[in-house]
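Colleague: Thanks for making time for me today. Could you bring up the model so that we can go through it together?

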Amino acid sequence: MEDEQSFSDICGGRLALQRRFYSPSCLEFCLSCPRITLRSLTAVTCTVWLAAYGLFTLCENTMILSAAIFITLLGLLGYLHFVKIDHETLLIIDSLGIQMTSSYASGKESTTFIEMGQVNDVVINEAIYMQKVIYYLCILLKDPVEPHGISQVVPLFQSAKPRLDCLIEVYRSCQDILAHQKATSTSP
Amino acid sequence: MGLVSRGAAEAGRGAASAVDRPGPPDAVPNPTPTPPAEGADPGSSRSPGMVLKAFFPTCCASADSGLLVGRWVPEQSSAVVLAVVHFPFIPIQVKELLAQVQQASQVGVTVLGTWCHRRQEPEESLGHFLEGLGAIFSHRPWFQLCRERGSKSWSCKATHWQGPASPAASGEDQVMLIFYDQRKVLLSQLHPPTALPDRQAGDTTASAGGLAAVFDTVARSEALFQSDRFDEGPVRLSHWQSEGMEASILVELAKWAAGPVCLFLACLLSLISAASACRVFKLWPLSFIWSKLSTCEQLRHRLEQLTLIFSTRKAESPAQLMRKANMLVSVLLDVALGLMLLSWLHRKDLIGQLADALIPVADRVAEELQHLLQWLMGAPAGLKMNRALDQVLGRFFLYHIHLWISYIHLMSPFIERILWHVGLSACLGLTVALSILSDIIALLTFHIYCFYVYGARLYCLKIHGLSSLWRLFRGKKWNVLRQRVDSCSYDLDQLFIGTLLFTILVFLLPTTALYYLVFTLLRLLVVAVQGLIHLLVDLINSLPLYSLGLRLCRPYRLAAGVKFRVLEHETGRPLRLLMQVSIACILPCSSKGLREPG
C-alpha cells in the first residue's frame, strides 16, 4: 500500500512524502528533496567561466580557461556525489529497529541502523537554525547506564528539513509502531 | 515412538526417490490468522502478539526440502536457521548430531521446523508426513517454511501446538522472514568477543541483546558446518560450506609455520632488548645522546613493534589482530623501500658522489653565514646598530664559524666510510635511513644551533634586565614570596644607577634583538626541514595499510553494522527483508549488496 503527498520544506521548496505500508509492523517513509535547478546550475557555471575569462584577459594564458572547465566539471561531480541528497528514507520495523538512508544524486547511499533495544522514543523538537526556529523529528537513544535516561539525540531528515505538517504525519505512524512494540515487549 | 520414526523414515525415503517434491496440501496463500493460544506451553516463552522473526540463510533458499535446524531466541522471538537437513534422515541420528553440536559449541541448536521447496502441483502424502515430523521433534513454535520452485512467493507458518489432543488450541503467529548471508556474517565478526573462560557458558548469550545474539549464534556454530550434504555421514546438511569447505592452503601453511617462527623471533628480540637495556647505556653522557638522536628513537619504536607482532600470545580481539597486521605490513613495506633505496644508491654510486659533495657544501654554508654576519656588522636593512656591541658579537660568531670549518676539514677523510655504513643501515628500513639523514642534518648545522642558543640567551637576559629595571623606574618591585608586583621605596642612588642601566639596555636592544631574530629564523629553517623528514617517518610508521587493503579487497571484514532492505511484498505473504552487512564508509563508493534470493 503506497500513497504520496506533497509538502514544503522550511525554505518553501517542494517536498514529496511517499509512504509505503508493507505490514502493520513495517513502514517506510521516503522524502524527496527539491532537485537541482537548471537556473542555479547555469548561474554558477557562468560565474566561474566569466571569472576565468576575466583572468585570461589579464594573464593571456589559455591554461586558465582549461582549468576553469576542469574545476566546473569536478565541482559538479563532487557536489552531486557528496553534497546533494536526492531523497531520504526512514524504515521502521517493529521489534527490529529503525533505519535511515540518505541517497545522493549520484546514487551513493549512506545507511544508519538503530536497533529497537536502543530506541527510547521518537519526538519532535524545536531548534534555532540561523535566524529561524524550526521543528525537527529525532530519535532518542537509551542510556546504557541509566534506564530512563537519554544518551543521544539522532535527528532525522536533516537535508530535507520538512515543516511541521509533514513531521506530524511521520510522527504519528512512528508512535503507533513504537507503542505496539512497547506493549508486546513489556509483557513477559 | 520407534514405529512412528520408522514409518516417517520410510515415507521420507519414499519421498526422496520421487522426482517431485510436493508441498503440504494446505498451501497457504492466505493464512487465516487465528488468535494466539492462551496459556502457551511453558516450553516456549514468547511474548503474545509479538511478530516472530525467522533469520534464514540465503544459501539455503535453493536447497531441497528438509528440516530446519537452528536456534530459538525467546527474548526476541526470533529463530536463527543455521542449516537444512535433507531427506532421507533418521530422527534419532539427527538428534544425536544436534546433541554433539550443542556440546561442542554451547549453542542450543534444535530442529525448528520444516522447509519445503516444491514444484507447482502439491501432493497429499508429504503434507501429512511433515505434520508428523512436528510431533517427533517437539519444538514450539514449529515453523513451516515453503517456497515454490522458480518463483518468489514464499509462505511461512508458525504454529503452537498443544498436541493432537486439543487441536483447537493451536495458534498461528505472524512471521517476518529475514535473509542473511552466512559467510559474510561469519567473516565480518560483528559478534561480541568470545566469552572469558571463567563465565558460565549458558548465560553468555543472555547478555547479548538484539542482533548481536544472531551474530553470536552463527559465529559459534562452527561445529555444525563441518559436515555437508555431500558427505557420507548419516545426516546430510545444507549450509554455506555445502558447496565445498572454504579454506586456503597458504593460510593453513602460514598458521602451521607461524608457531615455531614466532617463538624463535620472540627469543631473538628479547635478547636484543635485554642487551639494549643493560646498565652501560644508562650512564649520563650516553643516555643524553641516545635521547637526542632520532635514529635511536626510531629503532626503539621498531623493536617494540616487532616484539608485539611476534609475541606468542594470540590476539584477543579483532581490533588487536588488525593492529598487529597493520604493524607487520608497515614493517615489511619499510624494509622493502629501504632495500630499493639501497640498490638505487649503489647502482648510481651516489654515496661516493655525496661524500665528495659534502665538504664543499659545508664550506659554502659557512661562507654564506660569514657574509650574513658581515652584513649584520654593517648597517643591515638601513638600521643603525651600536657599533661596539655589533663588532663584539660579530667577531665572536665569526670565530665560531672558523672553528667549525676546521673541524669539518679534520673529519673529511672519514666521511665516505661513515656514509657507506650509514647507507647500509637502510636495509633495516627506510624510516631508519630517514632518521639518520635527519640526525646528520642536525649534526652539520650544529653551529647554527649554537648561534641560536647564544642569541637567545643574550636576548633573554636583556629582557629580564629590562623588565626588572622598568619596574624600578616606576617604583615597583617583584615580590618573590607573593609572586606579584609590589611597590617599593628605593634610595636615590639606587634609582639613579637603575635608570642609567635601563637606558643603556634600551639603546642596546635593537642590536641584540636583530641578532636573535636572524639566528632564530635560521634555526627555524633547519627545524622545518627536520620536521618534514620526521613527518614522513611518522607517516610510514602509522599508515594502516592492511586496513586500507581490506577495505578495497574484502570490505565485509571492516563491517560497521547491518542494514535492511524490504524485498518484493505481496499481500497475504509474509514480509521478507534482506539483511546486509554495511561497511564503514571511508571511501565514497556505493555499498555492495547481495543478489536477492530466488
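Modeller: Happy to, and please keep in mind that this is a predicted model. Let's start with the outside of chain B, which exposes about 33,100 Å². The share of that area supplied by carbon and sulfur atoms is 65%.

Colleague: What percentage of the residues in chain B is buried?

Modeller: Chain B has 598 residues, and its secondary structure comes to 17 helices and 13 strands. Buried here means under 20% relative accessible area. The part of chain B that counts as buried is 40%.

Colleague: And what share of the contacts in chain B, at a separation of 6 or more, joins residues 24 or more positions apart?

Modeller: For this one we set aside contacts with a separation below 6 in chain B. Of the contacts that remain, residues 24 or more positions apart account for 73%.

Colleague: Let's turn to chain A. Which pattern of helices and strands does it follow along the sequence?

Modeller: Chain A has 3 helices and 9 strands. Reading along the sequence of chain A gives the order β-β-β-α-α-β-β-β-β-β-β-α.

Colleague: How much accessible surface does chain A have?

Modeller: Chain A has 188 residues, and 38% of them count as buried. Carbon and sulfur atoms hold 61% of the accessible surface of chain A. That surface comes to about 10,800 Å².

Colleague: I have my eye on Ser25(A). Is Ser25(A) buried or exposed?

Modeller: Ser25(A) sits in the loop between β2 (14–23) and β3 (26–32) of chain A. The cut-off for buried is under 20% relative accessible area. Ser25(A) has 3% relative accessibility, so it counts as buried.

Colleague: Which residue of chain B is in contact with Ser25(A)?

Modeller: We leave aside the neighbours of Ser25(A) within four places in sequence. In chain A, its contacts are Ile92(A), Ile93(A), Asp94(A) and Ile177(A). The contact from chain B is Val51(B).

Colleague: There is another serine I'd like to place, Ser173(A). Which residues is it in contact with, beyond its neighbours within four places in sequence?

Modeller: Ser173(A) lies in helix α3 (residues 164–186) of chain A. Its relative accessibility is 11%, so Ser173(A) counts as buried. Its contacts are Arg19(A), Leu27(A) and Phe29(A).

Colleague: Now for the open spaces. Where does the second largest pocket lie with respect to the domains of chain B?

Modeller: The second largest pocket has a volume of about 920 Å³. Domain 2 (247–343) and domain 3 (349–546) of chain B both give residues to its lining. The pocket therefore lies between domain 2 and domain 3.

Colleague: Which helix gives the most to the lining of that pocket?

Modeller: The second largest pocket is lined by 30 residues, and Leu358(B), Leu419(B), Val422(B), Ile436(B) and Ile440(B) lie nearest its centre. Helices α10, α11, α12, α13 and α14 of chain B each supply at least two residues of the lining. With 10 residues, the one that gives the most is α14(B).

Colleague: How many nonpolar residues does that lining have?

Modeller: Sorting the lining of the second largest pocket by class gives 2 polar residues and 1 charged residue. The number of nonpolar residues is 27.

Colleague: Asp439(B) is also in α14. How far is it from Thr295(B) in space?

Modeller: Asp439(B) does lie in helix α14 of chain B, and it is buried because its relative accessible area is 10%. Asp439(B) is in contact with Leu293(B), Ser294(B) and Thr295(B). Although Asp439(B) and Thr295(B) are 144 residues apart in sequence, their C-alpha to C-alpha distance is 7.2 Å.

Colleague: What about Leu458(B): which residues does it touch, not counting those up to four places away in sequence?

Modeller: Leu458(B) is in helix α15 (residues 446–474) of chain B. At 37% relative accessibility, Leu458(B) counts as partly exposed. The residues that Leu458(B) touches are Leu393(B) and Thr512(B).

Colleague: Last one from me. How many charged residues line the second largest cavity?

Modeller: The whole structure has 4 cavities of 30 Å³ or more, and the second largest holds about 70 Å³ of space. Its lining includes Lys152(B), Trp154(B), Glu568(B) and Arg576(B). By class, that lining has 2 nonpolar and 2 polar residues, and the number of charged ones is 5.

Technical notes: Residues are numbered from 1 along each chain as its sequence is written. Chains are lettered from A and ligands numbered from 1 in the order in which they are written. This is a predicted model: local features need pLDDT of at least 70, side-chain atom pairs count only at pLDDT 80 or more; totals for chains, interfaces and linings use all residues. Side-chain values use heavy atoms; hydrogens and water are left out. On a 1 Å grid over the protein atoms alone, a cavity is a set of points where a 1.4 Å probe fits but cannot get out, and a pocket is an open set with protein on both sides within 12 Å along at least five of seven lines; lining residues have an atom within 4 Å of a point. Grid points are joined across faces, edges and corners, and a volume is the space filled by probe spheres set on the points. Helices (H or I, at least four residues) and strands (E, at least two) are DSSP runs, numbered from the N terminus. Ala, Val, Leu, Ile, Met, Phe, Trp, Tyr, Cys and Pro count as nonpolar, Asp, Glu, Lys and Arg as charged, and the others, Gly among them, as polar. Domain bounds come from an automatic or database domain assignment. Buried means under 20% relative accessible area, exposed over 50%, partly exposed in between (1.4 Å probe, protein chains only). Contact means heavy atoms within 4.5 Å. Accessible areas come from the Shrake-Rupley method with a 1.4 Å probe; for residues, only the protein chains shown count as cover.
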